[in-house]
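Trainee: I am new to this structure and would be grateful for a guided reading. May I put some questions to you?

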Amino acid sequence: MSQEWVYTLVFLAWLLGAAAFVIGLHQMNSPATARQGNRISAVGMAVAVIATVVWLVSLGVLRTEAILIIVVGGAIGGGAGWWLARTVKMTAMPQLVSLFNAVGGGAAALVAIDDYIRVQGTPEESISTAIFVVLGAVIGSVTFSGSLIASGKLMGRISGKPIPVPGGRITTLGLAALTVLGLLLLVLGADGGPLTLDPTVKNLVLLGIVAAALTFGVAMVLPIGGADMPVVISLLNSFTGTAAAMAGFVINNPVLIVAGALVGAAGGILTKLMADAMNRSIMNIIAGGFGGGEGTVAAAGEGGSVRELGVDDAAIQLAYASKVIIVPGYGLAVAQAQHAVRELAEQLESRGVEVSYAIHPVAGRMPGHMNVLLAEANVPYPALREMEDINPEFDRTDVALVVGANDVTNPSARRPGSAISGMPILDVDHAKAIIVIKRSMGRGYAGIDNELYTNTKTGMLFADAKDGLAALTAAVKGL
Amino acid sequence: MSQELLTAIALFVLAVLVGFEVISKVPATLHTPLMSGANSIHGIVLVGAILIAALAHDPLSYLLAFIAVVFGAMNVVGGYVVTDRMLQMFRKRETPKAPAAEPKGQ
């Protein structure tokens, strides 16, 4: 076959891969076809990668070094990814996704940088190449360092509290300005541009841009609190897609452009959905949150007194209810209490209590994370109910059991003038009785008091989510 | 601008629109698997890493290409495997509720 023919076939294989990504994402519409969708997408990926290798072999351009790099590098990276993905606990999954996102961004940045070094001084070094190289390198580097910090925060290696960056806003703005300056230098200095720069100078400028972008990623994520990490990971996921598309422009490869653009759009939509659910703009989150920080403030506060509830009283309320709604939140994910909550629910169901779960769109550490955690704990899928779907049912509910959720249950969101005004909430206060399992009276991420706790219908059970649930289960069993 | 570049830009814009259209229909319950699935798709950068490995001809570019291949392969394999694990859990349920929920926040 002539080389032109081979390239045509390879191009079609790339197109097939891109189509598989679109179909795969589309099938993720419903739980019934989602797994098949993911597999179609994986097959598309395999087709695209194998076609690339076949093409290079047929061109005869693969030297021993290149073959070694591809085989050994692929085995190391693929092996590590496979092992991590097989062994990770489902609660630790968000940080793993963040780590995979980091390496993806890193790879996109490296592809752009390497290509730029190669085309130096050739006619290929055009103004448009310079623009896409810098964009790919910058976006890729920001996601690489930013996702690593996000992953560290979720793992607990780095404090989940907002960490101020020295110099604050000025540092971030300065880094951004440096990047733009570097971009201008490289574009003006490109082949056909008005500036003539020594190749060494250009490489140093690119190195400077990458260093500034890496620092920017760190400075961007450090001041954001742990509860906002879902939004940040989603945003960084979108960035990586865009970086991959930019790398695709640099090496002029259609499948990179299409797949990268798809992911850029996916991450963008997810980020917006999550920010909407918290009634905050993406800029507001990136600019550093509510200033309150995570629950450090103690004491019942001005709003009124709270009623403390013992384990036995709570168990009796639950066991003799006819309808119970469990409201799991961030605290449940942190305490890894998903199995404990399922055990309690099973105990209650064996006594004839109707149990369902109210899932706020931003419950957990990632959008939909709570569904995955509860699914892993064998909670039947139909028992997980979305916010709009379950809110009308709180009026008919005997007991609402809130486990580690705070701001998403705060009735003050319905009134203007509160930090969370307008945020959609679960109507927990409409239930006949409310039990809140919470470690202390600490405030939620928004740093405001929760009126739900001072409601006369509410009893507070002060305990760690996991221990509290285990104690409740034991108490219900003993009744 | 060259014809090649213009075609590439058209491809990019259309793919973004397809992405919006396909993804805005996914129910919130599947957002985590979706994020993870999208995360594996940008592992396509592995193709780019393989291409630059083929063009590498000095120690620096060998190193850059090697790291890029390791990173890309980790992104692809890890991403798909972890997404499959997540979705497997959803599949174990008896009959999933047919229309899970309306997509939110248009």
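The questions below concern aromatic pairs and the burial of their residues.

Mentor: Please note that this is a predicted model, in which local features need pLDDT of at least 70, side-chain atom pairs count only at pLDDT 80 or more, and totals for chains, interfaces and linings use all residues. Residues are numbered from 1 along each chain as its sequence is written, chains are lettered from A and ligands numbered from 1 in the order written, and side-chain values use heavy atoms, without hydrogens and water.

Trainee: How are the rings of A:Phe132 and A:Phe249 arranged?

Mentor: Rings of Phe, Tyr and Trp (its six-membered ring) pair if their centres lie within 6.5 Å; planes under 30 degrees apart count as stacked, over 60 as edge-to-face and the rest as tilted. Here the centres are 4.3 Å apart and the planes are at 10 degrees, so the pair is stacked.

Trainee: Which helices of chain A does this pair link?

Mentor: The two residues are 117 residues apart, and the pair links distant parts of the chain. With helices taken as DSSP runs (H or I, at least four residues) numbered from the N terminus, A:Phe132 lies in helix 5 and A:Phe249 in helix 8.

Trainee: Is B:Phe71 buried or exposed?

Mentor: Buried means under 20% relative accessible area, exposed over 50%, and partly exposed in between (1.4 Å probe, protein chains only). The relative accessible area of B:Phe71 is 18%, so B:Phe71 is buried.

Trainee: How many aromatic pairs are there over all chains?

Mentor: The search covers the whole structure. Its total is seven.
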